[in-house]
Amino acid sequence: MDHSTHHTDTTHDHDHTATHPGTHAGASWSMAVKATLHCLTGCAIGEILGMVIGTALLWGNVPTMVLAIALAFLFGYSFTLFAVLRAGLDLKSAIKVALAADTVSIAVMEFVDNAIIALTPGAMDAHLSDGLFWSALLGGFGVAFLITTPVNKWMIGRGKGHAVVHAHH
């Protein structure tokens with residue numbers, strides 16, 4: 001049996017996963033949930049801001065979604081970027097870590113969330129004061145969280161995604 005899956009020192013687990021991809025038997029659900037919540041926070045801030053701006057400016061559905069997705073990626077990457085910069089990485093290395101840590105997670109989350117919004121009848125045409133606008137947006141985040149968490153668990157267990165960040169904490 002692999003001894004690395006049975007110890008409780010999570011700091012060592014993070015480092016082991018990040019420095020030896022493929023040798024860790026798997027990430028914990030707790031670790032995956034934390035990584036997904038981290039991603040969701042940045043995505044939600046960016047996407048809500050983009051949807052609010054696009055809707056308030058009476059933009060069409062496509063430009064509003066493009067802005068929301070762009071801001072979701074920007075804010076999602078920024079959270080990781082600032083964290084690893086505080087840990088002492090130079091800007092170029094920090095950007096590489098943020099891209100490696102968050103790209104798949106943000107992409108899955110944005111695909112699911114925006115698909116739900118786009119497929120909810122009337123949601124894209126709803127106004128900021130409509131409950132349908134907010135229920136579709138927030139419901140989409142909930143479903144995206146449920147789908148993205150196992151993706152993050154799988155990636156972290158293979159030394160990818162947020163496992164890359166843990167090497168720098």
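The legends below describe an overall view and several close-up views of a predicted model.

Residue numbers start from 1 along each chain as its sequence is written. In this predicted model, local features need pLDDT of at least 70 and side-chain atom pairs count only at pLDDT 80 or more, while totals for chains, interfaces and linings use all residues; side-chain values use heavy atoms, with hydrogens and water left out.

**Figure 1. Overall view of the protein, with 6 helices and 0 strands.**
The order of elements from the N terminus is α-α-α-α-α-α. Helices (H or I, at least four residues) and strands (E, at least two) are DSSP runs, numbered from the N terminus. The protein has 169 residues, and 41% of them count as buried; buried means under 20% relative accessible area, exposed over 50%, and partly exposed in between (1.4 Å probe, protein chains only). About 8600 Å² is exposed, and carbon and sulfur atoms supply 71% of this area. Accessible areas come from the Shrake-Rupley method with a 1.4 Å probe, and for residues only the protein chains shown count as cover. Of the contacts with a separation of 6 or more, 70% join residues 24 or more positions apart; contact means heavy atoms within 4.5 Å.

**Figure 2. Close-up of the packing of α2 and α3.**
Two packed helices are described by the angle between their axes and the distance between the axes. For α2 and α3 the angle is about 150° and the axes are 7 Å apart. That makes α2 roughly antiparallel to α3. The axes are lines fitted to C-alpha atoms, for helices over the stretch in contact, and angles run from 0 to 180 degrees between N-to-C directions. Angles under 35 degrees count as roughly parallel, over 145 as roughly antiparallel, 65 to 115 as roughly perpendicular and the rest as oblique. The α2 and α3 crossing is right-handed. A crossing is left-handed if the near helix is turned anticlockwise from the far one by less than a right angle, and right-handed if clockwise. The contact of α2 with α3 has 12 nonpolar, 10 polar and 1 charged residues. In this classification Ala, Val, Leu, Ile, Met, Phe, Trp, Tyr, Cys and Pro count as nonpolar, Asp, Glu, Lys and Arg as charged, and the others, Gly among them, as polar.

**Figure 3. Close-up of Leu-58 in the loop between α2 and α3.**
Leu-58 is not a glycine, although its phi is positive at about 60°. With a relative accessible area of 69%, Leu-58 is exposed.

**Figure 4. Close-up of Thr-64 and Phe-79 in helix α3.**
Helix α3 covers residues 61–86. Thr-64 has a relative accessible area of 3% and is therefore buried. Beyond residues up to four places away in sequence, Thr-64 touches Gly-50, Met-51, Gly-54, Thr-55 and Trp-59. Phe-79 is partly exposed, at a relative accessible area of 29%. Apart from neighbours within four places in sequence, Phe-79 is in contact with His-38, Thr-41, Gly-42 and Ile-45. Phe-79 and Thr-41 are 38 residues apart along the chain, and 8.7 Å separates their C-alpha atoms.

**Figure 5. Close-up of the crossing of helices α2 and α4.**
Helix α2 (residues 29–56) and helix α4 (residues 91–119) have axes that come within 10 Å and cross at roughly 45°. That makes α2 oblique to α4. This crossing of α2 and α4 is right-handed. By class, the contact of α2 with α4 has 7 nonpolar, 3 polar and 3 charged residues. From α2, the residues that meet α4 are Thr-36, Cys-39, Leu-40, Cys-43, Glu-47 and Met-51. On the α4 side they meet Ser-105, Ile-106, Met-109, Glu-110, Asp-113, Asn-114 and Ile-117.

**Figure 6. Close-up of Ser-105 in helix α4 and Thr-148 in helix α5.**
Ser-105 is buried, at a relative accessible area of 1%. Leaving aside neighbours within four places in sequence, its contacts are Cys-39, Thr-148 and Asn-152. Ser-105 and Gly-76, 29 residues apart in sequence, lie 9.4 Å apart from C-alpha to C-alpha. Thr-148 is buried, with a relative accessible area of 0%. With neighbours within four places in sequence left aside, Thr-148 is in contact with Thr-36, Ser-105, Val-108 and Met-109.

**Figure 7. Close-up of Leu-137 in helix α5.**
Helix α5 spans residues 131–157. Leu-137 is buried, with a relative accessible area of 2%. Its contacts, leaving aside neighbours within four places in sequence, are Glu-47, Ile-48, Met-51, Asp-113 and Ile-117. The C-alpha atoms of Leu-137 and Met-124 are separated by 9.5 Å, at 13 residues apart along the chain.
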